Amino acid sequence: MTLIQDRPEEHLVHEPVLMEIVPGPRPRGLVKYITSTDHKQIGLNYLVTSFIGFLFAGLLAEGIRTQLIVPNNHFVTESVYNQLFTMHGTIMLFVFLGPFAFAGLGNYLIPLMIGAPDMAFPRFNNLSYWLYLGGFLVMSCGFLTNNGAANFGWFGYAPLTEAIHSPGPGADMWIIGVALTGFSGIFTAVNIITTIFTLRAPGMVMFRMPVFVWNQLVTMFLLLLAFPVLTAAFALLWIDRHLDGHFYDPTHGGQPILWQNLFWFFGHPEVYILALPYFGIVTEVLATMSKKPVFGYKGMIGATLSIGALSMGVWAHHMYTTGAVLLPFFAALSLLIAVPTGIKFFNWIGTMWRGTITLNTAFLFCCGFLVMFLFGGITGIILAQPVLDFQLHNTYFIVAHFHYVMFGGSAFAGLGGIYYWYPKMTGRMMDERLGKLSFLVLLIGFNLCFFPQHDLGLRGMPRRIETYNAGMGWNFLNMISSIGAYIAGIGVLLTVINLFYSYRRGQIAGDNPWDGQTLEWACSSPPPDHNFEALPPIRSERPVWDANHPDQLTKVGH
Amino acid sequence: MVRLRWQCLLCGSVRAVETHLLGKTNFGSPGGVTTQDHYVRQLWHITYVFAVPIGLIVLGGIVWCMIRYRVRPGHDRTPSQFQYHIPIEATYTIVPLVIVAIVFGYMYNAENHVDAIAKNPAVAITVEGFQWGWRFTYPNGHEEVGTVANELDINSNDNLPVLFMPAGETVQLHLVSDDVIHTFYVPEFLFQRDLIPGINNVVDFNVIKPGLYSGQCNNICGVYHAYMRFLVQVMPVAEYNAWYAQQPAGSITTAGVPAQS
């Protein structure tokens, strides 16, 4: 509290000095893109880069589905197929889903939502972005090398990743690329945690922050706990490959299972790093579009915190079939995650309950998230039980499960977030008709693609196989799935067209097109440098609503 | 009295649904052919009994809100700004906790049975996976081997390595690997276990139903992962004994199903 009260005096002292350091016209165009330390510009850089990653990895996925559309297909070779699914997974997770939310939307929105002029460490922020872009380019350029990109799956189980089994620079570039995005993630986490703890506007106490910011905060702590372990594991792998280390090499007493433990100790929190910010997006969109406060605001935050805490203790549920982990412990914690996730679902319903709902594209995408994440969550309960996992592990049932969570869940919420905040970022609304069409096509394509994969898994089709025997009873379902993948691709392209179209032709949005509730709607669209001319009084978690609806104030001090 | 009757009705209908609807379906999963199948199926049922109604309630809530509270854009009606309802919130925290405890209880029981290892198995076979093929070694040193090199076409099962097992007996498999991680996976057994260099996994199967089942490596193990397939030939005990007696100690059979089995 004292921190917040002290700050205005500090500002008064330093502000004139700042004005002198930045004279003349601000850089524009490419120079601005390269040099800017403004959190909004860096956030946009992240958003655009990660969306390009999404499109690129999506293209790789279309390649995967084309290979599998009929049995015994020869669209690509075995090795290329392995590269396709490895890089699809790696780019989707490390370049798109994570950075899109925690770095892209996080950078852009967190300072706005807490009433701060910028991030705590703006130049550090810029460095994070360039490390991230470097990582993306390095891992993707693996495709240009002699042996191709990495080809051992995105979780690269040792000892397959050892130099003797996977020679060539593609795997090394994968290691470097992921490590760079890992460093970028750590730096972003440090930056955002510091920003949230020290740069909140007067009155913005922790329990008045939007749920989006709370979820980001918990995500950042997960990042800080998980990514260093990942980077260390990758460093050991690098030593194994190039400096004759034997950390994961069983022939010299190393332990392949060590890699799995290290990787999943990162990997499971990572799953929630890819989910929590999107929960935040959904919470904000549902509340705004229903014209109501978030139902059970504090319960929501409690659920986020307990998901964060539990997610640190469930990594070995990816390793049930290794026979080297204590099954009941990890099963119990994994099942328990259903409870806070359930709380979130009921709170989301409570938020919409008796609201005034406008079915626009942003809201539809978030409802798509609700339904598909629900389904992915239920299959998650099945997979959390070791006995059922023995049956389903590494089959297409798993593939279907995590695509329902990550694509039908997170990516849908991310698209909803784009439609919701695009007016704030560009000053123009996105086209609603094209948006709804995109949602519908994507919804149909997605379900056609991934629903049959549950059945494929139950019929025993392993993931990551390059082709399959025509007599296994998998032909029809694979055909449907591939057709669905193409339709989903069209759905995504419609949104891409919409992004470009609306940038020039969209309706002028104004400052607060949705009757928004949180502070980002108090500044102009797009916001000016250093964000706020003036702030509304912050007496609850939705100051802009309180300012615009003085007769419907949010009740305080429950 | 009335309440009792309601309870009976409820229990009865739940049981009826379970036996008539759930009992006859496997939810698309292949019918298990081992003694473990009972526990796996039981877990599927328990999970469905809780997950389906809860899923439907949540889905119904979402769809209800979307339809019932929908307004046309620009229709300004400010809804009531309620935000907390402690009894409801407590209910949907505590009830799921209880359900999780119940599911965990069943799971724990099932897991102990599925993972149990017999002290005196009828047959102990060493299953070795390598890039890219399988080697099944029997107690007398007889080996059944098959590699990708023998397998010319993914559509042909002719040259796959075959694991011969007696039916109705406890068969213990010792799973080993010398190069990278593979997974022993037979969909009909509803089970898989990794072959990890440095870790010796042991699993028991008691297959009730004789037959020919297909299995496959289920962990990415390099370029020809998709081709790392095998067959499991489960035979009645007498037939198995006859087959086993014909295999000279230390002999090696390379890939191929016997003409008659």
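**View 1. Where chain A meets chain B.** In this predicted model, the contact between the two chains draws on 79 residues of chain A and 68 residues of chain B. On the chain A side, the elements that each give two or more residues are helices H4 (78–113), H8, H10 (297–311), H11 (327–336), H12 (338–352), H13 (361–383), H14 (386–392) and H16 (432–458). If you would like one helix to start from, try H12(A): its eight residues are the largest share of the side of chain A that touches chain B. By residue type, that side of chain A breaks down into 44 nonpolar, 26 polar and nine charged residues.

**View 2. Helix H8 of chain A and its kink.** H8(A) covers residues 256–273, 18 residues in total. From first C-alpha to last, H8(A) reaches 25 Å, close to the 26 Å expected at 1.5 Å a residue. Look along the helix for Trp264(A), which marks the centre of a kink of about 30°. H8(A) is mostly covered, with 14 of its 18 residues buried, and H8 is also among the elements that give two or more residues to the side of chain A touching chain B.

**View 3. Chain B as a whole.** Before zooming in again, here is the setting for the remaining views. Chain B contains four helices and 11 strands. Its 261 residues include 34% that count as buried. Among contacts in chain B with a separation of 6 or more, 70% are between residues 24 or more positions apart.

**View 4. The six-stranded open sheet of chain B.** Follow the strands across in the order S8-S5-S1-S2-S3-S11 and you have traced an open sheet with mixed pairing. S8 (201–206) and S11 (252–254) of chain B are at the edges; each has a single partner strand, so one side of each lacks a neighbour in the sheet. From one strand to the next, the twist averages 20°. At the S11(B) edge, the partner is S3(B), residues 143–147, and the two strands run parallel over three bridges. One place to see this pairing is Val145(B), whose bridge partner in S11(B) is Thr254(B).

**View 5. Strand S4 of chain B, covered on both faces.** S4(B) spans residues 162–166, and five of its five residues are buried. Val162(B), Phe164(B) and Pro166(B) lie on one side, Leu163(B) and Met165(B) on the other, and both faces are covered. Alongside runs S10(B), residues 229–235, parallel to S4(B) and joined to it by five bridges. At Pro166(B), the residue standing opposite in S10(B) is Met235(B).

**View 6. Strand S6 of chain B and its two antiparallel partners.** S6(B), residues 182–186, is mostly covered, with five of its five residues buried. His182(B), Phe184(B) and Val186(B) point one way, while Thr183(B) and Tyr185(B) point the other. S7(B), residues 191–195, pairs with S6(B) in the antiparallel sense over five bridges, with Val186(B) and Phe191(B) as bridge partners. The two strands form a hairpin with four residues between them, and in the turn you will find Leu190(B) with a positive phi of about 50°. S6(B) also pairs in the antiparallel sense with S9(B), residues 211–217, here over two bridges. To find this pairing, look for Phe184(B), whose bridge partner in S9(B) is Cys217(B).

Note on methods
Residues numbered from 1 in each chain as written. Chains lettered and ligands numbered in written order. Predicted model: local features only at pLDDT ≥ 70, side-chain atom pairs only at ≥ 80, totals over all residues. Buried ≥ 20, exposed ≤ 12 C-beta atoms within 10 Å, placed from the backbone. Pairing = 2+ DSSP bridges. Expected span 1.5 Å × (residues − 1). Bend = angle between axes of the 7 residues up to and from the residue. Contact = placed C-beta atoms within 7 Å. Nonpolar A, V, L, I, M, F, W, Y, C, P; charged D, E, K, R; others polar. Axes fitted to C-alpha atoms, helices over the stretch in contact; angles between N-to-C directions.
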